[in-house]
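Let's take a walk through a protein model together. Keep the picture open beside you as you read.

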Amino acid sequence: MESTEASATDEMPETLEVWPGSPYPLGATYDGAGTNFALFSEIAEKVELCLISREGTETRIPLEEVDGYVWHAYLPTVSPGQRYGYRVHGPFDPENGHRCDPSKLLLDPYGKAFDGSFDGDPSLFSYPLPGAEPETGPATDEASEDTDGGATAPDDTAEPEAIATGRTSDAAADLPALDSLGHTMTTVVINPFFDWAMDRQPRRPYNETVIYEAHVKGMTATHPDVPEHMRGTYAGLAHPAIIDHLLDLGVTAIELMPVHQFMHDQVLLDQGLRNYWGYNTFGFFAPHAEYSSSNKPSAVVAEFKAMVRTFHEAGIEVILDVVYNHTAEGNHLGPTISFRGIDNAAYYRLVDDDKAYYMDYTGTGNSLNARHPHTLQLIMDSLRYWVTEMHVDGFRFDLASTLARELHDVDRLSAFFDLVQQDPVVSQVKLIAEPWDIGEGGYQVGNFPGQWTEWNGKYRDTVRDYWRGEPATLGEFASRLTGSSDLYEDTGRRPGASINFVTAHDGFTLADLVSYNEKHNDANGEDNRDGESHNRSWNCGVEGPTDDPEVLALRGRQQRNMLATLILSQGTPMLAHGDEFGRTQQGNNNVYCQDNELSWVDWSLAESNAELLAFTRHVIALRTEHPVFRRRRFFEGRPIRSGDQSRDIAWRTPAGDEMMPEDWDSGFGKSLAVFLNGEGIPEPDQRGQRVVDDSFLMCFNAHHEPIEFVTPDGPHAEEWTVALDTDVPDGLREETVVAGKPVRVQARSVLVLRRTR
């Protein structure tokens, strides 16, 4: 067939040769000769493929082939770089959950690259906006629904409800005749071919993994050794200066904050702010175009692949923070840019008794409908694409509990988990859940299936509470230090299932955690109402910056205490970028909209806080060199051999006695020691050989005064040497302690002693 609605351009002929094509794969697939286009829509009555010229004119091609609700065609003359979109004709009946609107140029949900931007024009919305005139199309006053990237739409009090929501079945008659072409982004056909050379995924086991959470732009925006044109880009992140820093630090995996194509909320742009974090996705197959050093949309994918290849050459895995719980279209007042206009009821969870509105488990206006087979297919196809075509090594799932909601409750046996379990590709990479959402029953730490690991929010809270001196924390602290078997062992998981962290992108940095009691988010323009108010932080006596040497010394020691605890705990440690040398956000614990020096990593701190950086390197090296800190299995606490009273782990009071129940329950208890037996590691190494290590005594003193700890003695213990001391700025000092004798542990510090085999 041939197009009958083509508009003449200088770029393409008035008629195009169109073949039937294939319903699979979905999206635009270039095969070296031409491109196959396929789009799912169960509700559509007619679908037009729109090819967009560089001048912005379009050629409309009706898709006449439909198989299983997939509309498709093959265009033998379309090659990479071609911009396109869709127009979907069908019911506009919000009361029944349908919002088709052919005046909107829609982005491909399977798009691999995008071009252009959204300008906030009224034409992006499928209902009349206050003061919107088709002739002039003035800008609107827009407001997002929440800080994580909600609807970029007017307040719902601006219009009568029936108009604003399009609730009446004949609401299509009220729609303004505003075409969104020229005001929205376009999808771009890419060249999928890339020379991966000898690329191999590192596939590092969890017990050998150290994760580094980073932001693509923030990590390199101010780095003096990264060329200016590469700063803030995928190419900049793969620069030798960054790779060398990570390798010197001992990092084995970099976890990138969202790199799927996302939208900037118009309300933020109007205030001179931006959606810096990127938790506002609409393109689940496309690397975010603004992070490319090239101005060619078709080059973005190749640059991302080159970055991954470079990390793999250094032995570093790449994990993506992915946001499959919602999209950037927001609530019922949001723009119509893709899913909403293609098949609203299939892609989104709607309120059962009022389908004009969206279920919102995410605080962003909508939730993806993970109960629908085609939405599940979209998620699984996206995950598989990033593994097979982009070579990433794993995923951290934002608000993962949302994906597990079959009806209303979170169900770890949901269809999504079944699909992941059975998928031969996705099931083999690192799967990390943020095990909560904002809905009822959404906090699910410890309840994900056996092959999953989880951000351990209980670890974060316990470690913060212990070091700020909260009472009755010893028992909980011991559980978190040893891998949280109470959370993960019952599901057959091992210590690596606990992704341990003290700080992450959301909340205070490590330096701010010990410098502020209260959040200071005024720069966000929300009167300091946004962000978490209960941070479990302690300012060490002064709020914010100070010149007091005693306060500064305590803050430095507290940072080292939490770094040492984090890195030497059983489980998988995650470090937030810049914490290794004291990055600060000046007390702002929610920099989601701060795309500036406040949120970017300040690399000058690597010199001014060189001792903290050296400390972090040292403690990670200690973990790397000694398998007793990164066991694959949980401690048993029993004798390691028949008749031998030496156990794999033993808990001791500062006096050297075994911890008793009354010691654990003591509300005033702030100090304890743990003996890790290097000869009590039951699991073999990768080659089946027995693992034997030095033994260690870790002395924790959260008390405000120094405490004497009696060291263990016995037939195999003659002396102990200091392996780490958080009272020393770089953690290193030379001292030998005779076994059975006391050793002084300074106030609020950690002392790690080693008994050499």
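## A walk through the fold

Let's start inside, with helix 7: its buried residues are F339, R340, G341, I342, D343, N344, A346 and Y347. That makes 8 of the 9 residues in this helix (residues 339–347), so helix 7 is largely enclosed by the rest of the structure. Keep in mind that you're looking at a predicted model.

Now step back for the whole chain. There are 17 helices and 32 strands in the protein chain. Of its 757 residues, 60% count as buried. How much of the contact list links residues 24 or more positions apart? Among contacts with a separation of 6 or more, such pairs account for 73%.

**Rings and cysteines**

Back to helix 7 for a moment, because F339 has a ring partner, Y348. In total the structure holds 41 aromatic pairs. In the pair made by F339 and Y348, the ring centres are 6.4 Å apart and the planes sit at 70°, so this pair is edge-to-face. Two numbers are given there for a reason: a pair of aromatic rings is described by the distance of the centres and the angle of the planes. F339 has 1% relative accessibility, so it counts as buried. Y348 is also at 1% relative accessibility and counts as buried.

What about cysteines? A disulfide is a covalent bond between the sulfur atoms of two cysteines. With a cut-off of 2.5 Å between cysteine sulfur atoms, the count here comes to 0 disulfides. You can still look up C50, which is buried at 0% relative accessibility, and C593, which is buried at 0% relative accessibility.

**Two helices side by side**

Next, find helix 8 (residues 373–388) and helix 9 (residues 415–422). They pack at an angle of about 35°, and their axes are 11 Å apart. The crossing of helix 8 past helix 9 is right-handed. Which residues meet here? From helix 8 come L376, I379, M380 and L383, and they meet A415, F416, L419 and V420 of helix 9. Sorted by class, this contact has 8 nonpolar residues, no polar ones and no charged ones.

**Three buried spots**

I319 lies in strand 17 (residues 317–322). Is I319 buried or exposed? At 0% relative accessibility, I319 is buried, because buried means under 20%. Setting aside neighbours within four places in sequence, I319 is in contact with a list of residues that includes I211, A253, I254, G394, F395 and I432. The C-alpha atoms of I319 and V308 are separated by 10.0 Å, and these two residues are 11 apart along the chain.

Loops can hold buried residues in this model too. H577 sits in the loop between strand 24 (572–576) and helix 15 (605–608), and at 6% relative accessibility H577 counts as buried. Leaving out neighbours within four places in sequence, the contacts of H577 are Y212, E213, A214, H215, M219, R583 and V601.

G446 is another loop residue, found between strand 21 (430–433) and strand 22 (453–455). At 7% relative accessibility, G446 counts as buried. Not counting residues up to four places away in sequence, G446 touches E454, L487, Y488 and R493. If you trace the chain from G446 to K458, you go 12 residues along, and the two C-alpha atoms are separated by 9.6 Å.

**Some unusual backbone**

Most residues other than glycine have a negative phi, and most peptide bonds are trans. With that in mind, where does a cis peptide bond turn up? One joins Y24 and P25, with omega about 0°. P25 is found in the loop between strand 1 (5–6) and strand 2 (27–30).

Then there are two residues with a positive phi, neither of them a glycine. Here they are in a table:

| Residue | Phi | Relative accessibility | Loop between |
|---|---|---|---|
| R203 | about 50° | 51% | strand 12 (186–188) and strand 13 (211–214) |
| D527 | about 55° | 60% | helix 13 (510–513) and helix 14 (549–568) |

Are they buried or exposed? R203 counts as exposed at 51% relative accessibility, because exposed means over 50%. D527 is exposed too, with a relative accessible area of 60%.

Technical notes
Residues numbered from 1 in each chain as written. Predicted model: local features only at pLDDT ≥ 70, side-chain atom pairs only at ≥ 80, totals over all residues. Heavy atoms only, no water. Buried < 20%, exposed > 50% of the residue type's maximum accessible area, 1.4 Å probe, protein only. Axes fitted to C-alpha atoms, helices over the stretch in contact; angles between N-to-C directions. Helix = DSSP H or I, 4+ residues; strand = E, 2+ residues; numbered from the N terminus. Left-handed = near helix turned anticlockwise from the far one by under 90°. Contact = heavy atoms within 4.5 Å. Nonpolar A, V, L, I, M, F, W, Y, C, P; charged D, E, K, R; others polar. Phe/Tyr/Trp six-rings, centres within 6.5 Å; stacked < 30°, edge-to-face > 60°.
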